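Open the model in your viewer and keep the selection panel at hand. This tour moves from stop to stop, saying what to select and what is there.

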Amino acid sequence: MASSSERTPVLIVGAGPSGLILALTLAQNNVPVRILEKETAFRTGQRGPGIQPRSLELMHFLGVLSDIVRRAMHFPMTCVYKMPEGTELVSKAHLAGSPVDPTPDIPFPNTLVLGQACSEEIMRSHLAKLDVHVELGMELIGVEQDENGVTAKVVRHGQQGSRSEETIFADWLVSAEGGKSTARKQLGLDFLGETRDFFRFLLADAEVSGVSREYCHAWGDFKTRYMMIRPTEDENISSITIVAPELERAMESHEGFVELVHSINNRKELEIGEVIWKTLWRPNIRIVKEYRKGRVFLIGDAAHVHTPAGGQGANTGMQDGFNLGWKLSLIHKGLATESLVDTFQEERHPVAKEVLVLTTGSFDSMLKSGKKPPAMWSLYRQLGVNYRWSSIVVDEQPSPDPSSNEMLAYLPDDNTELRAGDRAPDAPGLVPLSSNTATSTSLFDIFRPTRHTVLLFDPTAEQVEAVKETLASSRIPKDLLHTTVILPSQHGPNSEFSGVDEVLVDTSANAYSAYHPVQQGFNIFVVRPDGVLGAVLKGADGLRKYLNGIFTK
């Protein structure tokens with residue numbers, strides 16, 4: 001058995017969206033990483049195509065969003081047809097929520113649709129620029145660990161069926177293998193929940209002609225037989241979802257597939273060409289109790305699986321990877337203790353538990369009524385996902401309701417109360433104080449997955465000095481902390497502040513509207529590398545408390 005000569009700081013097993021986002025986060029933080037994929041070729045198929053607004057934001061922070069937007073499309077309106085004829089239009093509606101206009105604090109408000117094969121390809125291309133490449137045909141077969149590291153036993157599948165075993169030594173191993181995670185099984189972690197064997201549906205990507213590509217098209221109901229045809233980013237390919245008792249023959253032959261399609265919609269003029277990819281799917285609703293065991297982590301479907309209602313699956317997994325990535329980076333650099341990654345479980349597990357509740361409720365409602373239930377897009381966009389209960393966030397604001405201990409991981413995205421643990425809002429129209437041009441920036445262009453950002457709204461000179469002293473005494477490397485003073489459009493003549501990274505003027509009051517520091521009296525905000533508000537503070541003492549909870553002293 002061959003052994004890798006060099007120890008790998010982080011070994012990621014599984015190159016789906018969760019693993020790729022984690023790899024990008026680590027690589028951008030200059031953490032050496034290997035990412036393995038047991039398949040010998042990259043996956044095809046639409047799979048989980050919905051990209052929610054919160055995921056679009058993390059993609060922006062990681063620098064991949066422009067490529068995603070270039071290929072993605074908005075979810076089209078759906079034409080629903082009267083049965084059994086299947087030709088008369090009954091309704092036309094936005095099943096994925098009506099599109100809304102961007103606002104200063106929410107620049108990406110709408111769900112985009114892009115096949116998972118395509119989005120993964122884009123993420124891999126960005127990883128390649130950082131000299132990180134997915135290693136295909138690498139199947140994890142064993143995991144051992146002690147207090148110093150992890151030993152991964154891997155089978156390398158080569159051409160013509162050749163195989164060889166390899167041992168890889170790593171500081172940390174992250175399983176992003178999906179629902180059948182080998183690492184989870186090796187660690188003896190129970191995947192608690194249920195499998196809905198009584199319900200199955202068929203997913204396929206195929207060449208389709210005879211229906212408009214401007215819309216999705218739906219026939220039937222979930223109680224009996226149902227089909228939806230959705231256009232994809234590939235002008236020659238449509239995604240087909242079928243719910244029916246008789247799916248086996250459709251899986252066995254092209255003729256059986258075409259017959260099933262026509263038997264549901266009665267549209268013989270609808271032509272089905274090559275079927276690129278198809279699979280049978282049944283709902284699994286499961287979650288592990290522990291996201292971490294020693295030096296091994298579970299993210300994405302390796303840790304939680306649920307119904308596709310609301311398009312939460314891949315999005316929740318990507319947020320897992322983004323949350324874990326910056327924490328492992330600080331530990332690798334010796335700037336945080338290993339206790340920091342305990343907060344990965346603390347912050348992300350409640351989110352997944354709530355995902356299971358939301359999606360299972362929607363799915364059960366669909367089965368009961370036979371129709372898709374009204375989607376809770378105010379929640380499903382994930383803009384209200386928060387970590388207000390986290391032990392590492394610091395909020396000096398008074399508790400809104402001291403008698404309430406309810407922990408809600410999903411808040412409506414129109415929630416106006418900004419607290420530590422919430423998503424940090426965007427704010428465009430910020431102009432450098434010293435600039436003589438109209439060039440402006442936004443908070444989302446300042447936030448980075450490689451650093452914390454300290455925002456000071458209209459601070460006094462004394463407050464700035466106290467913050468600078470706190471940061472200097474922390475001995476945290478300067479490239480990991482970025483200080484930004486934000487002044488109102490009507491600011492005093494003596495507004496120069498030395499020793500901060502930048503001073504910006506909020507020309508359109510977007511930042512002051514989103515963070516409302518003046519009304520509340522809390523004018524210091526610390527934004528974490530994952531775009532979450534780590535702290536809402538009055539002064540430097542609170543900043544010191546926050547930093548001591550993250551970084552080693």
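Start with two helices, α1 and α4, which run roughly parallel to each other because the angle between them falls under 35 degrees. The model is a predicted one.

**Stop 1: the helix pair**

Select residues 17-28 for α1 and residues 116-129 for α4. The two pack at an angle of about 20°, and their axes lie 10 Å apart. Look at the crossing: α1 passes α4 in the left-handed sense. Now show side chains. From α1, pick Pro17, Leu20, Ile21, Ala23, Leu24 and Ala27. They meet Gln116, Glu120, Met123, Arg124, His126 and Leu127 of α4. Colour this contact by residue type: eight residues are nonpolar, two are polar and two are charged.

**Stop 2: a hairpin**

Select residues 138-146, strand β10, and residues 149-157, strand β11. Eight bridges pair these strands in the antiparallel sense. Two residues sit between β10 and β11, and the strands form a hairpin. For one bridge, pick Glu144; its partner in β11 is Thr151.

**Stop 3: a buried serine**

Go to Ser181. It lies in the loop that links β12 (163-175) and α5 (182-186). Is Ser181 buried or exposed? Its relative accessibility is 0%, so Ser181 counts as buried. Leaving aside residues up to four places away in sequence, Ser181 touches Ser175, Leu298 and Ala302.

**Stop 4: the seven-stranded sheet**

Next comes an open sheet of seven strands with mixed pairing. Trace the order across it: β23-β29-β28-β25-β26-β27-β24. Which strands stand at the edges? Select 394-395 for β23 and 430-432 for β24. Each has a single partner strand, so one side of each is left without a neighbour in the sheet.

Now add helix α15, residues 540-550, which packs on the sheet. It touches β23, β25 (452-457), β26, β28 (524-527) and β29 (533-537). The direction of α15 makes about 155° with that of β29.

Move along to β26 (residues 481-488) and β27 (residues 502-506). They run parallel, joined by five bridges. Val485 stands opposite Val503 of β27.

**Stop 5: strand β28 and its partners**

Centre on β28. Which way do its side chains point? Ile524 and Val526 point one way, Phe525 and Val527 the other way, and all are buried.

On one flank, β25 runs antiparallel to β28, with four bridges joining them. Leu455 stands opposite Phe525 here. Four bridges also join β28 to β29, again in antiparallel fashion. Pick Phe525 once more: its bridge partner in β29 is Val536.

Follow the chain from β28 into β29. They form a hairpin with five residues between them. Stop at Gly531 in the turn, where phi is positive, at about 75°.

**Stop 6: a loop leucine**

Finish at Leu335, in the loop between α8 (313-332) and α9 (342-369). Its relative accessible area is 18%; the cut-off for buried is under 20%, so Leu335 counts as buried. What does Leu335 touch? Not counting residues up to four places away in sequence, its contacts are Leu330, Pro477, Leu480, Ile550, Phe551 and Thr552. For a last distance, draw a line from the C-alpha atom of Leu335 to that of Leu270. The two residues are 65 apart along the chain, and their C-alpha atoms are separated by 61 Å.

How values were computed: Residues numbered from 1 in each chain as written. Predicted model: local features only at pLDDT ≥ 70, side-chain atom pairs only at ≥ 80, totals over all residues. Heavy atoms only, no water. Buried < 20%, exposed > 50% of the residue type's maximum accessible area, 1.4 Å probe, protein only. Contact = heavy atoms within 4.5 Å. Pairing = 2+ DSSP bridges. Axes fitted to C-alpha atoms, helices over the stretch in contact; angles between N-to-C directions. Parallel < 35°, antiparallel > 145°, perpendicular 65-115°, else oblique. Left-handed = near helix turned anticlockwise from the far one by under 90°. Nonpolar A, V, L, I, M, F, W, Y, C, P; charged D, E, K, R; others polar.
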